[in-house]
Amino acid sequence: MKQFWITFFGSIVGVVVGSLLTVVLGVFLIGAVIGTLVEGARTETALPQTAMVLELDLREGRLDSPSRTPFGFAEPLSVVDVVRTLEQAESDDRVAGLFIRANEFGMSPGAAEEIRGAIADFRAAGKFVITHAQGFEGTTVTGYFAVSGSDQIWLQDTANFTPAGIASEVTFLGGLFEHFDAVPQFEQFHEYKNAANTYTQSGFTEAHREATLSYMGSIYDTAVSHIAADRGLTETALRDIFETAPHTAEEAEALGLVDQLGHVIEAREATLTRVGTGGRFVDISQYNSLATPAWSNGPIIALIEGQGAIVTGSPSASPFGGENMIGGDFMSEAILDAADDPSVRAIVIRVDSPGGSAIASDQVWHAVTRAREAGKPVVVSMASLAASGGYYLAAPADYVLAHETTLTGSIGVLGGKIVLDGTFDLVGLNAETVSVGGEYATAFSASEAWSETQRAAYRDQMSDIYDDFTQRVADGRDLPLERVLEIARGRVWTGAQALDLGLVDEIGGLRDAIGAAREFAGIDPDQAIRLRRFPAERSALEAFQEMFGVSADTAQSAARLNALMELPEVRAALEAREAATRTGVQMRSDAALPQ
């Protein structure tokens, strides 16, 4: 109960602080606008014409796709935009190479695999990649997996190399609820739909442990295979190295895991020496914002991105940032708009979601089928997660691609509640329910346990959803329903496993998905295409005008207002406001994503 009250009062404090910050920020921004309009923008507006080395800092956590808020200044370039930016740089003669600051503690396997693929494509275009790590200090192999294909890997000589495998920690609340006389009541379809176990169990069930070890083993096998190829080692030798971790920096160099020991300044100096006179470092975000793509009037492929839990409606994103969600209305409208646009030849849907509302997932499913009926090929690119509802909405696409390490499947459903009347008794709190009408009116009351009739009715609802889900998969994937029922049951699979099961069509990342869409649309492989996001993103200026009713009638004012949004003071205020609104606990994933 102590944590309950802490969370309760913490939420109140968060709301108050967030509101105060909003007011203060508004005053600050309006005052700053006046100063900025008078003094003008001071930001660099052009890229150097000499040799550039792009800088990518993987130590920063990044979203798979850009958030919908244009004021997400604290957000590093998304994984999708990193891939697209490096692709653009491949044909830019001014760009000589890429300098990476490695993630020391690991990242999601799917993001690591996407970044590794982008590095491989960048090198194949004749550019070099140099990575520096101030230690690979986490025990997971994913941070190293992301950069193992670099031309050269530096490691600080006083650091360690500790990657040893893949690990995941799952918290079980069953014993805690028992201690506080709370009773979790859940229905799950079926034994592998493990998210319910977090609330109903005090440890792993046999099915939960089996599925978890299976997908973790698959991810580890994928990482070992690719890292061994990147570093010129046998898989057996690499497994021995990982399984005898940790290693000193000197040992890591001797084992062939890194190429050079030294501090980051030394690695940067060596990189510029490689480039030659006039070489300069340029942050990849700056390059992304200033580099002008080659003009093209080529055919358009729509890119529609969704990340986070799937919910009904169109979640109103705060302009200051916050949690990302996939709204059923929002995503389905984007898909239908792309389908109705005569200039769009094909649609790529990027999914990074653990699932959510079955109703909203089915709404997006329907939009995908409508797009196909309109003659628009639909290709799905799965990121780190496309599980449960994330797989539901992907099932009817013409073609589905996943990373080998993507967590997908989880074809199942769960739902329930936690009965707190016993907890309330411990602190003298009394909650009484009154109702009129049918018995089911109180089914979701937190102060009353289900009656047998209510539980049976609720289970019937869950069963109907499961039947719809499995039939949608069978129809979309052209699989016998009996086969779907065998591989469903709520079980999570990796992309590599899903390929063998027929749940996806190909292993690949975003660029592969765009290539598949090009092929389905009948676009010549040598013809330039235009990738257009649906819906279009709002600029920082447009969001500012909407929030404060400020108009900017001239191009000069627009440029200066956009420059204002880059001021460190504005960024800090926005980030503080966002942090203050992050309260509460979310219940989302069916699988613990290894880091």
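1. Let's start with helix 16, residues 452–477. With 26 residues at 1.5 Å a residue, helix 16 should span 38 Å, and its end C-alpha atoms sit 37 Å apart, so expectation and model agree. Keep in mind throughout that this is a predicted model.

2. Which residues of helix 16 are buried? They are Q454, Y458, M462, Y466, F469, T470, V473, A474 and R477. Look at how the numbers step along that list, then recall a general point: an α-helix has 3.6 residues a turn, so residues three or four places apart point the same way. The cover over these buried residues includes strand 6 (183–189), helix 14 (389–392), strand 15 (399–402), strand 17 (413–419) and helix 17 (481–487). Just past the end of helix 16, D478 has a positive phi of about 55°.

3. Strand 15, one of the elements covering helix 16, has pairings of its own. Strand 14 (residues 378–387) runs parallel to strand 15, and three bridges join them; V379 has Y399 of strand 15 as its bridge partner. Strand 15 also pairs with strand 19 (residues 506–507), again in the parallel sense, over two bridges. There, A402 is matched with I507 in strand 19. If you're new to sheets, strands pair through backbone hydrogen bonds, either parallel or antiparallel.

4. Now find the open sheet of six strands. In what order do the strands lie? The order is 8-4-3-2-1-9, with parallel pairing. Strand 8 (260–261) and strand 9 (280–283) are at the edges with a single partner strand each, so one side of each has no neighbour in the sheet. At the strand 8 edge, two bridges link it in parallel to strand 4 (residues 152–155), and W154 has Q260 of strand 8 as its bridge partner.

5. Helix 3 (residues 109–124) gets the same ruler check. Its 16 residues at 1.5 Å each should span 22 Å, and the end C-alpha atoms are 23 Å apart, which agrees. Its buried residues are P109, G110, A111, A112, E113, E114, I115, R116, A118, I119 and F122. After helix 3 comes G126, with a positive phi near 95°.

6. What does helix 3 pack against? One neighbour is helix 2 (residues 79–90): the two axes come within 9 Å and cross at roughly 5°. Since angles under 35 degrees count as roughly parallel, that makes helix 2 roughly parallel to helix 3. V79, V82, V83, L86, A89 and E90 on helix 2 touch A111, E114, I115, A118, D121 and F122 on helix 3.

7. Helix 12 (residues 328–340) and helix 13 (residues 358–373) make another pair worth a look. Their axes come within 9 Å and cross at roughly 0°, which means helix 12 is roughly parallel to helix 13. From helix 12, the residues G328, D329, M331, S332, I335, L336 and A339 meet A360, Q363, V364, A367, V368, R370 and A371 of helix 13.

8. Finally, zoom out to the whole protein chain. It contains 22 helices and 20 strands. How much of the chain is buried? Of its 595 residues, 50% count as buried. Among contacts with a separation of 6 or more, 77% are between residues 24 or more positions apart. The chain exposes about 26,300 Å², and carbon and sulfur atoms supply 52% of that.

Methods. Residues numbered from 1 in each chain as written. Predicted model: local features only at pLDDT ≥ 70, side-chain atom pairs only at ≥ 80, totals over all residues. Heavy atoms only, no water. Helix = DSSP H or I, 4+ residues; strand = E, 2+ residues; numbered from the N terminus. Expected span 1.5 Å × (residues − 1). Buried < 20%, exposed > 50% of the residue type's maximum accessible area, 1.4 Å probe, protein only. Contact = heavy atoms within 4.5 Å. Areas by Shrake-Rupley, 256 points an atom, 1.4 Å probe, with all protein chains shown as cover. Pairing = 2+ DSSP bridges. Axes fitted to C-alpha atoms, helices over the stretch in contact; angles between N-to-C directions. Parallel < 35°, antiparallel > 145°, perpendicular 65-115°, else oblique.
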